[in-house]
Amino acid sequence: MRVAMIGTGYVGLVSGACFADFGHHVTCIDKNQEKIDMLRAGGVPIYEPGLDLLVDRNMREGRLDFATDLTEAVRAADVVFIAVGTPSRRGDGHADLSYVYAAAEEIAKVMDGFTVVVTKSTVPVGTGDEVEAVIRKANPDAEFAVVSNPEFLREGAAIEDFKRPDRVVVGVEDDRAREVMRELYRPLFLNETPILFTERRTSELIKYAANAFLAMKITFINEISDLCEALGADVQQVARGIGLDNRIGKKFLHAGPGYGGSCFPKDTVALSRTAQEAGSPVRLVETTIDINDKRKAAMAERIVKACGGSVDGKSIAVLGLTFKPNTDDMREAPSLDIIPALQKQGATISAYDPAGTVEAEKHFTDVKFASGPYLCVEGADALVFITEWNEFRALDLDRVHDLMRGNVVVDLRNIYDTRQMTESGFVYTSVGRAG
Ligand code: NAD
Ligand code: UGA
């Protein structure tokens, strides 16, 4: 099949490369000339494990190419995906759909023959109807069907998630389009991946409900972790104890500094706005948003407390800046709340992130970026772990202790054992555990 992918960001590039790996011919299109030039030259603009090899292999085999103009690819395509951004709209928190509608209009003007137009971007219920109207208006004679096919991949594990998903959801009301989508995902069908066909609106809501549920699950364990601290219990054991119940499930029960990223924050807010306007508010989601915002803000105070009540004039080493490991994405990362709050109280910050430094440099001022964890901790009064990159899990603690001036460690991801840290001479604070 021939696929045109409009938008070559995290989702567009990963999905495009994976569809090419399934054997389809894919053209990834983006307005950003720099991005397309880089991809054509063999580079990959984002940090995502395994993506460089996947892109390279499929380019060499002639199944994957890149363009800034969509005309040729859309004309030839059986399926056109819209995978552009849907950020929070300034002011009201609704999803900004201007990129989606602009892409739909451009597609409409050049489509040729029966074309399936698929929204892969996360879009509110009813957007498919609007996309249909936009296309119809721009090209009244077009033969097409609009399908919803939300994406559930996680950054940092994107290829595995795309190729071995728990399920694929397709919102489609046109028989021809359903067959095209079945053919497109046939390689997953063969792997016995459940493919759920629904009406379009239902599919659109499934995506928001899934993200909101996961955000609530994280927020639930974060609140339980505060309670553990108040009562002297251990949140990791509580998480294990409840997660072994299959009805609850053990994933997404890691307590931490609050969820961040390009999707949970914006999607929970967008869902709550949609629900309010529909007269059916989702109060659990509204509360989740509120708790998470406050939690991220409160993390700096936790660090100040661990430092004896003041960070004025103190040097703090931060390990991990991105919103999660294995990505260079800084969107809504907890570090964006924590570092400026510490600086405001007089702390000087040195920081290290394995992949996020280039992005992080755009967000922080007066932060000294180190090129490795040991250089980062040199002379620090306190060390704070914000993101649980694997390379932070087995540091030489004696060396860290010798390099630091002070001995305070605040571990916001529980990557170390309290006893091990204490035995190494640190005054150790973690999340939801004694110590
Ligand atoms: P992104 O910002 O990384 O990429 C979007 C790309 O679209 C940009 O490169 C931009 O230049 C391009 N673009 C915008 N308008 C265009 C147009 N008219 N023609 C061509 N290119 C255009 O965004 P992303 O993180 O990939 O997210 C895309 C969508 O997927 C969002 O709706 C998001 O909520 C959803 N989503 C994201 C993830 C994730 O992990 N990032 C996972 C699932 C779903
Ligand atoms: C999330 C969803 O997991 C994907 O299914 C979805 O497709 C995507 O959003 C999206 O719609 O964009 P992502 O944001 O890439 O994926 O990363 P997650 O692994 O979900 O982590 C999100 C945030 O929650 C991170 O800040 C992470 O540190 C935090 N988190 C996650 C926890 O604090 N505890 C956990 O147990 C899990």
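**Exercise 1. Determine which element gives the most residues to the shell around ligand 1, and describe that shell.**

Solution. Helix H5 gives the most to the shell around ligand 1, contributing four residues. The structure under study is a predicted model.

Step 1. The shell as a whole comprises 27 residues, and the closest to ligand 1 are Gly7, Gly9, Val11, Ser121 and Thr122. Two elements, helix H1 (10-21) and H5, each supply two or more residues to this shell.

Step 2. Sorted by class, the residues around ligand 1 comprise 11 nonpolar, 10 polar and six charged.

**Exercise 2. Establish how the buried residues of H5 are arranged about its axis, and what they pack against.**

Solution. Step 1. Begin with the geometry: H5 covers residues 98-110, 13 in number, and its first and last C-alpha atoms are 19 Å apart, close to the expected 18 Å.

Step 2. Identify the buried positions, for which the criterion is 20 or more other C-beta atoms within 10 Å. In H5 these are Val100, Ala103, Ala104, Ile107 and Ala108.

Step 3. Viewed down the helix axis, these buried residues fall within an arc of 140°, and therefore they line one face of H5.

Step 4. Locate the packing partners. The buried residues of H5 pack against three strands and two helices: strands S1 (2-6), S4 (79-82) and S5 (115-119), together with helices H4 (71-76) and H6 (127-138).

**Exercise 3. Classify Lys109 as buried, partly exposed or exposed, and list its contacts beyond four places in sequence.**

Solution. Step 1. Lys109 belongs to helix H5.

Step 2. Its C-beta has 14 neighbours inside 10 Å; a residue is buried at 20 or more and exposed at 12 or fewer, so Lys109 is partly exposed.

Step 3. Leaving aside residues up to four places away in sequence, Lys109 touches Ala138 and Asn139.

Step 4. A further distance concerns Arg136, 27 residues away along the chain: its C-alpha atom and that of Lys109 are separated by 10.0 Å.

**Exercise 4. Describe the shell around ligand 2: its nearest residues, its classes and the domains it draws on.**

Solution. Step 1. Ligand 2 has 21 residues around it, of which Glu155, His254, Tyr259, Gly261 and Cys263 come nearest.

Step 2. Helix H10 (residues 200-231) is the element that gives the most to this shell, with three residues.

Step 3. By class, the shell around ligand 2 holds 10 nonpolar, seven polar and four charged residues.

Step 4. Domain 1 (2-198) and domain 2 (217-435) each provide at least three residues of the shell around ligand 2.

How values were computed:
Residues numbered from 1 in each chain as written. Chains lettered and ligands numbered in written order. Predicted model: local features only at pLDDT ≥ 70, side-chain atom pairs only at ≥ 80, totals over all residues. Expected span 1.5 Å × (residues − 1). Arc of directions from axis to C-beta. Contact = placed C-beta atoms within 7 Å. Near = placed C-beta within 6 Å. Nonpolar A, V, L, I, M, F, W, Y, C, P; charged D, E, K, R; others polar. Domains from an automatic or database assignment.
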